[in-house]
Amino acid sequence: MSSRGGGAKPRKSVRGGRRGDEQERSAGGVVVRGDEAIVIVPTRRGAQGQKVLALPKGHVDPGETPDQTALREVREETGVEAEMVEKLGDVRYFYQRSGKRIFKRVTFYLFSYRSGSLEDHDDEVEEARWMPLEDAIEALSYDGEREMAERALSAIVPDR
């Protein structure tokens with residue numbers, strides 16, 4: 001199952017944590033069908049209690065690789081089966097949890113929709129829906145996820 005790191009708002013993108021920082025790894029994906037992508041509204045709210053529009057993602061479980069995690073999280077949080085196309089990149093940031101500084105790295109992949117229904121998402125997701133990818137670039141709640149949506153659009157639309 002996925003986690004959002006306490007719902008903390010990501011700060012600026014960073015390269016790596018300092019010695020002594022706790023570290024977390026997550027992975028997720030941008031699932032595309034034509035010019036649309038799946039976005040989710042997680043049940044967990046943002047740092048100020050607001051609804052968040054996000055990409056499917058979650059913690060890398062022990063023994064899992066980031067690409068395996070991304071595939072699992074896409075299936076769990078969206079209800080669809082998708083095929084991995086390519087790695088889009090990493091989003092890195094710090095957040096605070098219980099007074100501790102946590103360094104988080106989330107690896108995102110581009111996926112192509114294969115089958116399934118958005119109604120089959122798990123209970124960690126309030127809503128999953130298709131949205132034009134260009135709109136998602138503007139609407140996603142976090143900078144790093146907007147950047148991953150932009151990279152996905154560049155990958156599927158040549159000369160962008």
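Strands are DSSP runs of E with at least two residues, helices are runs of H or I with at least four, and both are numbered from the N terminus. Ala-37 lies in strand β2. The model is predicted, so local features need pLDDT of at least 70, side-chain atom pairs count only at pLDDT 80 or more, and totals for chains, interfaces and linings use all residues. Residues are numbered from 1 along each chain as its sequence is written, and side-chain values use heavy atoms, with hydrogens and water left out.

Ala-37 has 1% relative accessibility and therefore counts as buried (under 20% relative accessible area; exposed is over 50%, partly exposed in between; 1.4 Å probe, protein chains only). Its contacts (heavy atoms within 4.5 Å) include Val-30, Arg-129, Trp-130 and Leu-133. Ala-136 is 99 residues away in sequence, yet the two C-alpha atoms are 7.5 Å apart.

The largest nonpolar core (buried Ala, Val, Leu, Ile, Met, Phe, Trp, Tyr and Cys residues joined through side-chain atoms within 4.5 Å) holds 24 residues. Val-30, Leu-88, Phe-108, Leu-133, Leu-140 and Met-148 touch the most other members. At least two residues each come from β1 (22-33), β2 (36-42), β4 (80-97), β5 (100-116), α2 (133-139) and α3 (143-156). A second, separate core has 17 residues, among them Val-52, Ala-82, Tyr-109 and Phe-111. Val-30 touches both Tyr-109 and Phe-111, as well as Leu-88, Leu-133 and Met-148.

In α3, Gly-144, Glu-145, Met-148, Ala-149, Ala-152 and Leu-153 are buried. Their cover includes β1, β3 (57-59), β4, β5 and α2. The end C-alpha atoms of α3 are 20 Å apart, which agrees with the 20 Å expected for its 14 residues (1.5 Å times one less than the number of residues).

Conventions: Lists of a residue's contacts leave out its neighbours within four places in sequence.
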